[in-house]
Amino acid sequence: MGSPKKDQNKGFFSAMTSGLSLFGNAMHRSVNGLLGYEGVEVINPEGGKEDAEEEAHRGRWKQELMEYSYLLDQADECEDPYLRLVYASSWAISVYHAYQRTWKPFNPIIGETYEMVNHGGITFISEQVSHHPPMSAGHAENEHFTYDVTSKLKTKFLGNSLDVYPVGRTRVTLKRDGVVLDLVPPPTKVNNLIFGRTWVDSPGEMIMTNLTTGDKVVLYFQPCGWFGAGRYEVDGYVYNAAEEPKILMTGKWNESMSYQPCDMEGEPLQGTELKEVWHVADTPKNDKFQFTYFAHKINSFDTAPKKLLASDSRLRPDRFALEKGDLSKAGSEKSRLEERQRAEKRTREGKGHQFTPRWFDLTDEISATPWGDLEIYSFNGKYTEHRATVDSSDSIDEVDMASIEFNPWQYGNLSTE
């Protein structure tokens, strides 16, 4: 396997870009996500549209960003500052495997949340904090790291394609040394929206910077050429604060990533070998969605905490109907939820109120990005207090989570007439 092409990364040093995570729509439909795109329906370039409805109710890639969180654990435990960036950037790349399944998910309702526990000691919470423009915020934490994201997307329609710019900010804090990592993903292009088979590509640079030391990793996502040439390929380097290459990285975002120490010219050091750092997890045999075992369970109640928030995505009635194969009811429930959201907005505006997120606070901080300014939401800690109270209580009766009514609403029952 050849070494990365150094000249593809030089543009970074002359014009540094910034932006935000996938993870989106953490990437909320970053994550959350990653990390779906608002109002965009896309399909698997290897398949067709016939399974789009069945796919839509299942895992969302915003939550899949935590599947390989062990890489962040390793980054926290690692004493080598450059290898630390290898682990952390490989974690960031791992979510792109979900880009192969790009059917349109349900649009999140303002106030909708997603909770996850029972995975690597992680507590994860995301919340839709704004409807216009669509914005979400997310927070994840375990003993090794914290992850914080404010996510917003900006799009540009180009006829038969759509450019999606990841306006936002993603920060990972490694707890052992207090190192703060900033992630800037590449833009994404949705191809063949009208003619041909729709598919997604993310050509460009992913940059992860250690804000504490100035070290950084710059990875170049190769654009897909004719007949799929170059698709999935990722190459780049870990640089020290003096912008000298220390480690080369290479691989494919849908398969694996590897690394090798390099010299000042970016060539592999003699006596070293290429080592794999990440490999996509196994998928169930003959799984038509290409879901890993983790992806199959993230939208189930297996990863839900006790006393699940009534605003949780798993409880949406349109999702339930779709899961049961009742497309007519799924459509009507989706319309009902969206009309209820509009009714809430009318009531809120009539009262002179503004929507206030429950688990995140809007700060005074404005983050500048190449695609516009971003208002930053911060995790307010109330969810940690809520979860501690719930987990320590012995009086919580076991309930059928599927029986909980979806309720992200700010007000009581409203007429949608």
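1. Helices (H or I, at least four residues) and strands (E, at least two) are DSSP runs, numbered from the N terminus. With those labels in place, Tyr232 can be located in the loop between E12 and E13. The comments below concern a predicted model.

2. Tyr232 deserves a look at its backbone, as its phi is near 80°, a positive value in a residue other than glycine. For context, most residues other than glycine have a negative phi, and most peptide bonds are trans. Is Tyr232 buried or exposed? With a relative accessible area of 14%, which is under the 20% cut-off, Tyr232 counts as buried.

3. The loop that holds Tyr232 leads into strand E13 (residues 233-239), and this strand is mostly covered, with 6 of its 7 residues buried. On one side, strand E12 (residues 216-221) runs antiparallel to E13 and is joined to it by 6 bridges; in this pairing Lys216 stands opposite Tyr239, and Val217 faces Val238. E13 also pairs in the antiparallel sense with strand E14 (residues 245-252), over 7 bridges, and here Asp235 is placed opposite Thr250. E13 and E14 make up a hairpin with 5 residues between them, and in that turn Glu243 has a positive phi of about 65°.

4. These strands belong to an open sheet of 12 strands with antiparallel pairing, in the order E1-E2-E3-E4-E7-E8-E11-E12-E13-E14-E15-E16. Its edges are strand E1 (113-116) and strand E16 (275-279), each of which pairs on one side only, and the twist averages 15° from one strand to the next.

5. A further backbone feature lies in the loop between strand E2 (123-130) and strand E3 (135-141), where Pro133 is found. The peptide bond that leads from His132 to Pro133 is cis, its omega being near 0°.

6. How do helix H4 and the sheet meet, and at what angle to E7? H4 lies across strand E4 (145-152), strand E7 (168-174) and E16, and runs at about 55° to E7. Within H4, the residues Leu71, Leu72, Asp73, Ala75 and Asp76 are buried, and the buried residues of this helix pack against H5, E4, E7 and E16.

7. The axes of helix H4 (residues 70-77) and helix H5 (residues 81-94) come within 8 Å and cross at roughly 165°. That angle is over 145°, so H4 is roughly antiparallel to H5. The crossing in which H4 passes H5 is left-handed. From H4, the residues Leu71, Leu72, Gln74 and Ala75 meet Arg84, Tyr87, Ala88, Ser90 and Trp91 in H5; by class, this contact has 6 nonpolar, 2 polar and 1 charged residues.

8. The loop between helix H6 (293-297) and helix H7 (317-323) holds Leu309, and Lys307 lies in this loop as well. Lys307 has a positive phi of about 55° although it is not a glycine, and with a relative accessible area of 49% Lys307 is partly exposed. Leu309, by contrast, is buried, at a relative accessible area of 6%. Leaving aside residues up to four places away in sequence, Leu309 touches Thr113, Glu115, Ile125, Leu315, Arg358, Trp359, Tyr383 and His386. Leu309 and Ile404, although 95 residues apart in sequence, are 9.0 Å apart in space, C-alpha to C-alpha.

How values were computed. Residues numbered from 1 in each chain as written. Predicted model: local features only at pLDDT ≥ 70, side-chain atom pairs only at ≥ 80, totals over all residues. Heavy atoms only, no water. Axes fitted to C-alpha atoms, helices over the stretch in contact; angles between N-to-C directions. Parallel < 35°, antiparallel > 145°, perpendicular 65-115°, else oblique. Left-handed = near helix turned anticlockwise from the far one by under 90°. Contact = heavy atoms within 4.5 Å. Nonpolar A, V, L, I, M, F, W, Y, C, P; charged D, E, K, R; others polar. Buried < 20%, exposed > 50% of the residue type's maximum accessible area, 1.4 Å probe, protein only. Pairing = 2+ DSSP bridges.
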